[in-house]
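Trainee: I am new to this structure. Could you take me through it and show me how each label is earned?

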Amino acid sequence: MNLFFVSLGCDKNLVDSEFMLGMLKEDGLTITNDETEADVIVVNTCCFIHDAKEESVNTILEMAEYKKSGNCKALFVTGCLAQRYQEEIRTEIPEVDAVLGTNSYAAVKEALHTVLGGNTYESFLPLDSLPKMTAKRIVTTGGHYAYLKIAEGCDKHCTYCIIPSIRGSYRSVPIESLIAQAEALAADGVKELILVAQETTLYGVDLYGEKSLPRLLDSLNRIPQLSWIRILYCYPEEIDEQLIAAMKRNQKVCHYLDMPIQHANDEILRRMGRRTNQQALRETVARLREEIPDICLRTTLICGFPGETQAQHEELMRFVNEMEFDRLGAFTYSREEGTPAAEFPDQIEEETKLCWQEEVMELEQEIIFDQAEAMRDQTIWVFVEGKLADENVYVARSYRDAPDIDGYVFLSSDTELMTGDFVQARITGAMDYDLTAKLVPLQAEADGNEEGAYEFTE
C-alpha cells in the first residue's frame, strides 16, 4: 500500500511526522510523492495562527477529494488542528477516517489497522506524558541536517498563544533518549543537529530539577559525526551564564541563537504575559555579544497586539534599530479563540497591523543588508546543500543561517562538491538576504582560519 504524507507547520511538527512515517513504513507501507497513487493519506496539521489553520483545513479538504477520485482508502488527520478541533473535523469532514491528537502519534499503526478493517478511529491521550515513538525516524530534510525535539508543551501561557492547551505542559525528553536519537541520526549521515522545543532553555527542569540544556550540549558535542549543533527558541529571560558558557566551550555549537522577544514595550510585554522587559532584553543582548562576539541573534516580533498604540510601535522600531538583530521575523497578531488576548479590548485593524509589520521588516532589511555587505572578504565555513543547475554554483549555509528561515551563501566553485560537505568560502558580495562567495582552496584552509572565520571542528 502507498502512503502520502503532508506535514504542515513548524519543525517540531515535522519531527512528529518523521516518527509517524517511520512507524507506517515499518508496518509495510511504501511512501509515495504522488497523492493520486496513495492508498493512505496522513495530514499532520498546524493551527498556531489563522493562516496556518486555514492551510490545514484546505489541505484536508483537498486530500479528501482523493477518496472520490483517487485510490485513497484511509484519510488521517493528526496534530494541532486535530487536537483543537476534533469535534468539528468529526462532524464536518466525514471523509476523515482517523483523528489523532498531539500526544497520540504512537497510535498511528493501530489507527491504520482499525480503518482498513472498516471502522473509524480516534485517540486523544492526556497531555501529561510523551508519546512512545519506537520506530526509526525517516528524516525528510535531505539527510544531512535534522531537528531534535528536546521537549514537548509549554508552561509560559503567553496571552496570545494556544500552544499550552493543545500541546500540554512542558515535558522534557530524557537525555538518554535524546543522545540515542542524535547518535542514530549522526550514524545515518546527519551533520547538523538543530535543537527545537516550544522553549529549549528550560530543558530538563521538570526531569532533573535544573536547567539541563548545557549538559545536553556537552553530551551532543562528543558525538564524532556531528559538525554543527544549532539552538532555536530560547526565551530571553531564561538565557543564563551556564548556557553561554556551554556555547563557548563546545566548539560544535553554532554561535547562533534564536531568541523570540515578541515586542519591546514594557506594557505590551506585560499584557502579552511575557516575563521580561526592555531593559532586561537590552542586557541579555549586550551580554551575549560581549561573551560571544561573533554570535548571530535571531528574533521574532508580533505587530498589532490588542491595545498597541502608534507610540508603542515607534518604540519597538527604535529598539530594533538600536539592537540591530542579525535575523528577524515580524508577524501580525492573530486573534485566536480560547486565548486571553482574543478577549482584550482595542483589537487592532488588520490594515494597521500589516502596515506596522511592513515598517519593521523594511527597517530590518536595511540592517541585514548592511551586515551582509560588511561580511565581504571574510572567510567562513559553509554547509553545502545543493547545486544550481548548469552552473558551477552551490547553495550553502553559514553558521548564521538556519534552514528555511534564513538566507543562503551562493558559492562559486570549479571543484565538485557534495551535499553535506563543509568547506571554507570567501565572501564576495551580498544579494539582499543572501551572500555570494568563492571556494577557498584546500591549501588556504590548511593555513588556518582567517580573521572573521567561524571556528569549525570535525
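Mentor: Happy to: we will start with the whole chain and then turn to single residues. Please keep in mind that this is a predicted model.

Trainee: What makes the protein as compact as a globular protein of its length?

Mentor: Let's begin with its make-up, which is 16 helices and 19 strands. The radius of gyration is 23 Å, and the globule rule gives 23 Å for 458 residues, so the protein is as compact as a globular protein of that length. Along the principal axes, the C-alpha trace spans about 65 × 55 × 45 Å. Among contacts with a separation of 6 or more, 73% join residues 24 or more positions apart. Of the 458 residues, 57% count as buried.

Trainee: Why is D326 called buried or exposed?

Mentor: Set the value against the cut-off. Buried means under 20% relative accessible area, and D326 has 7% relative accessibility, so D326 counts as buried. D326 sits in the loop between α14 (310-323) and β14 (327-332). Leaving out residues up to four places away in sequence, D326 touches R289, I295, C296, L297, E364, I368, Q371 and R400.

Trainee: And why is D404 called buried or exposed?

Mentor: The label exposed needs over 50%. D404 has 62% relative accessibility, so D404 counts as exposed. You will find D404 in the loop between β16 (393-398) and β17 (409-412).

Trainee: What is unusual about the phi of D404, given that D404 is not a glycine?

Mentor: The phi of D404 is positive, about 75°. Most residues other than glycine have a negative phi. Y233 is another case: this residue is not a glycine either, and its phi is positive at about 60°. Y233 lies in the loop between β11 and α11.

Trainee: Now to α11. How do you know on which side of α11 its buried residues lie?

Mentor: The buried residues of α11 (residues 241-249) are L243, I244, A246 and M247. They cover an arc of only 160° around the axis, which means they are on the same side of α11.

Trainee: What covers the buried residues of α11?

Mentor: Their cover includes α10 (213-221), β11 (228-231), β12 (253-258) and α13 (278-291).

Trainee: One last thing: how many positive and negative side chains does the protein have?

Mentor: There are 42 positive and 81 negative side chains, and the centres of the two sets lie 5 Å apart. As for the surface, the accessible area comes to about 19200 Å², with 48% belonging to carbon and sulfur atoms.

Note on methods:
Residues numbered from 1 in each chain as written. Predicted model: local features only at pLDDT ≥ 70, side-chain atom pairs only at ≥ 80, totals over all residues. Heavy atoms only, no water. Helix = DSSP H or I, 4+ residues; strand = E, 2+ residues; numbered from the N terminus. Rg over C-alpha atoms; globule rule 2.2 N^0.38 Å. Buried < 20%, exposed > 50% of the residue type's maximum accessible area, 1.4 Å probe, protein only. Contact = heavy atoms within 4.5 Å. Areas by Shrake-Rupley, 256 points an atom, 1.4 Å probe, with all protein chains shown as cover. Lys, Arg positive; Asp, Glu negative; His and termini not counted. Charge placed at Lys NZ, Arg CZ, Asp CG, Glu CD. Arc of directions from axis to C-beta.
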